[in-house]
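This briefing sets out selected features of the structure shown below, grouped by topic for use alongside the sequence and coordinates.

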Amino acid sequence: MHYILAMDQGTTSSRAIVFDDDVRIHAIAQQEYRQLYPQPGWVEHDPQNIWQSQLAVAQQALVKAGITARDVTAIGITNQRETTLLWDRHTGEPIGNAIVWQDRRTADFCAQLKSQHGQLFRKRTGLLLDPYFSATKLAWLLDHYEGTRKRAENGELAFGTVDTWLLWNLTRGKMHVTDVTNASRTLLFDIHRNRWDDELLDVFNIPAQVLPQVYASSADYGYTAPDLFGASILIGSVAGDQQAALFGQACHAPGMVKNTYGTGCFMLMQTGEHACESQHGLLTTSAAQLDKQPVFALEGSVFICGAVIQWLRDSLSIIKNSAEIETLATSVPDSGGVYFVPAFTGLGSPHWDPHARGAIFGLTRGTTHAHIARAALEAIGYQSAELLLAMQKDAALPIKELRVDGGAAVNNLLMQHQADLLGVPVVRPRIIETTALGTAYLAGLTAGIWNSIEEIAEHWQTDRIFEPMISRDEAAQSMFNWSRVVRGCNPWGRD
Ligand SMILES: Nc1ncnc2c1ncn2[C@@H]1O[C@H](COP(=O)(O)OP(=O)(O)O)[C@@H](O)[C@H]1O
Ligand SMILES: O=P(O)(O)OC[C@H](O)CO
């Protein structure tokens with residue numbers, strides 16, 4: 001039997017899962033780690049915390065599965081994307097903390113660049129000039145630590161997203177590499193030519209010397225240092241978590257769509273060799289690549305999804321754990337006219353407003369915790385529905401179903417609400433750990449465990465299908481109400 005160790009380094013936790021070649025899960029180990037909020041709108045992670053927690057869960061997963069490193073055919077890495085790190089090539093010492101994808105500190109910088117360079121970035125990278133992506137975060141690190149830009153020019157520093165940081169540590173500095181899916185989220189990568197772009201680097205004054213090499217997602221990424229797991233293991237894949245999930249959901253044909261309900265919500269549609277340019281606030285991005293041939297996806301990114309449930313738990317204490325939200329929300333027949341827009345870190349697709357902030361509308365004397373809980377769950381559905389509506393307009397491909405995964409996809413009330421709003425079936429697979437599964441498949445392809453995409457797709461199995469239950473008129477009215485409350489989330493009118 002072959003075992004694959006998938007490392008899934010997420011925004012709030014590091015996870016490791018051991019799969020076998022029959023796609024059975026043998027062990028899961030998970031560790032939450034510290035979120036740092038040094039100023040309003042800023043979000044950071046300690047780089048050593050990212051690495052140590054990921055290493056620890058990978059070691060624990062092997063122990064739990066009752067196997068050793070010698071039993072593992074390959075490791076697959078998948079990761080929170082865009083989060084930006086810079087470190088010393090000689091000592092491995094990080095320059096400051098990792099600036100997390102949710103961090104808004106470069107909003108003003110992006111606004112300054114937008115009018116002159118917006119179109120250029122859109123064409124080459126498929127992205128918008130938004131603080132979400134890595135480039136302005138990297139420029140911020142280079143600008144705010146004394147002498148850093150000079151050291152970067154001298155080739156002393158290495159930039160990486162989380163995948164690159166993990167790979168560097170796993171190989172003890174031998175590999176300074178990323179994959180196309182992660183590179184495509186930096187604002188520095190030409191997705192059509194599959195390479196870093198000098199003109200884009202110049203806009204931010206970023207020296208090319210800091211950049212990692214870019215490989216296909218399924219490729220030989222070297223071997224782990226022997227002391228980490230007791231023997232060297234082949235690293236067979238690297239992919240950003242959302243593209244890994246698209247692969248894990250077996251969305252291999254153009255027009256197939258998945259939505260991952262984690263901290264944020266990320267909906268991706270596979271568009272094959274066609275890089276579909278959005279006219280409706282979506283992103284064009286690289287999908288997982290098996291070779292040099294580019295594959296594209298259309299993406300909608302919502303920043304706050306399951307995180308709103310965590311907020312109700314940790315900041316308002318109206319639930320004790322995430323699962324309680326469903327019981328509380330089901331205790332009322334509807335939200336009682338309450339709408340909750342969780343724009344805590346601005347709005348992503350399709351609005352792209354870094355200055356918007358969260359708001360609850362429609363409160364009355366009769367509003368209870370249950371109404372707010374229900375409105376919070378519904379907000380996840382509304383935000384995702386906006387993405388699918390935009391995709392339908394952009395891609396002109398018939399969307400037959402939405403495949404779902406991620407922590408909040410276990411919530412049946414939310415899934416039913418989603419199907420009602422969309423008017424297409426929402427399909428939950430048996431394995432909702434599709435992010436880890438996606439990178440496991442990619443690593444397995446490198447190692448020769450599987451030989452084709454078709455072979456992989458055969459493993460996909462349905463857990464439950466949610467069919468739409470309300471009329472299309474009712475759904476349209478709800479979406480209209482939602483669009484009105486969203487507009488109320490930036491009353492200051494800041495651009
Ligand atoms: N039963 C539930 N209903 C709604 N949300 C849930 C439920 N269980 C977990 N979640 C949410 O799912 C998220 C975790 O999902 P996960 O896929 O692990 O996220 P990430 O990879 O972003 O860390 C949390 O934000 C949590 O609040
Ligand atoms: O860590 P997740 O699962 O919330 O995913 C984060 C995304 O990759 C950000 O783009």
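Two strands are taken to pair if DSSP finds at least two bridges between them. On that basis, Val257 stands opposite Leu402 in strand E20. The model discussed here is predicted, and the points below cover a sheet, the helices associated with it and the surroundings of two ligands.

**The sheet**

- Seven strands make up an open sheet of mixed pairing, and their order is E16-E17-E15-E14-E20-E21-E22.
- Its edges are strand E16 (283–286) and strand E22 (462–466), each of which pairs on one side only.
- From one strand to the next, the twist averages 30 degrees.
- Within this sheet, strand E14 (residues 257–261) runs parallel to strand E20 (residues 402–405), and four bridges join the two.
- Strands of a sheet pair through backbone hydrogen bonds, in either a parallel or an antiparallel sense.

**Helix H13 and its neighbours**

- Helix H13 (residues 412–422) lies across E20, strand E21 (426–429) and E22.
- Relative to E21, helix H13 runs at about 145 degrees.
- Helix H13 also packs with helix H12 (residues 369–395) at an angle of about 35 degrees, the two axes being 9 Å apart.
- The crossing of H12 and H13 is right-handed.
- On the H12 side, the contact is made by Leu377, Glu378, Ile380, Gly381, Tyr382, Ser384, Ala385 and Leu388.
- On the H13 side, the contributing residues are Leu413, Leu414, His417, Gln418, Leu421 and Leu422.
- By class, this contact of H12 with H13 comprises nine nonpolar, four polar and one charged residues.

**Surroundings of ligand 1**

- There are 19 residues around ligand 1, and the nearest are Gly10, Gly262, Thr263, Gly306 and Gly407.
- Helix H10 (306–314) and helix H11 (324–330) each supply at least two residues of this shell.
- Helix H10 gives the most to the shell around ligand 1, namely four residues.
- The shell around ligand 1 has six nonpolar, twelve polar and one charged residues.

**Surroundings of ligand 2**

- Ligand 2 is surrounded by 13 residues, of which Gly10, Thr11, Gln80, Gly262 and Thr263 are the closest.
- The shell around ligand 2 consists of one nonpolar, nine polar and three charged residues.
- Gly10, Gly262 and Thr263 are listed among the closest residues to ligand 2 and also among the nearest to ligand 1.

Technical notes
Residues are numbered from 1 along each chain as its sequence is written. Chains are lettered from A and ligands numbered from 1 in the order in which they are written. This is a predicted model: local features need pLDDT of at least 70, side-chain atom pairs count only at pLDDT 80 or more; totals for chains, interfaces and linings use all residues. Axes are lines fitted to C-alpha atoms, for helices over the stretch in contact, and angles run from 0 to 180 degrees between N-to-C directions. Two residues are in contact if their C-beta atoms, placed from the backbone, lie within 7 Å. A residue is near a molecule or strand if its C-beta atom, placed from the backbone, lies within 6 Å of it. Ala, Val, Leu, Ile, Met, Phe, Trp, Tyr, Cys and Pro count as nonpolar, Asp, Glu, Lys and Arg as charged, and the others, Gly among them, as polar. A crossing is left-handed if the near helix is turned anticlockwise from the far one by less than a right angle, and right-handed if clockwise.
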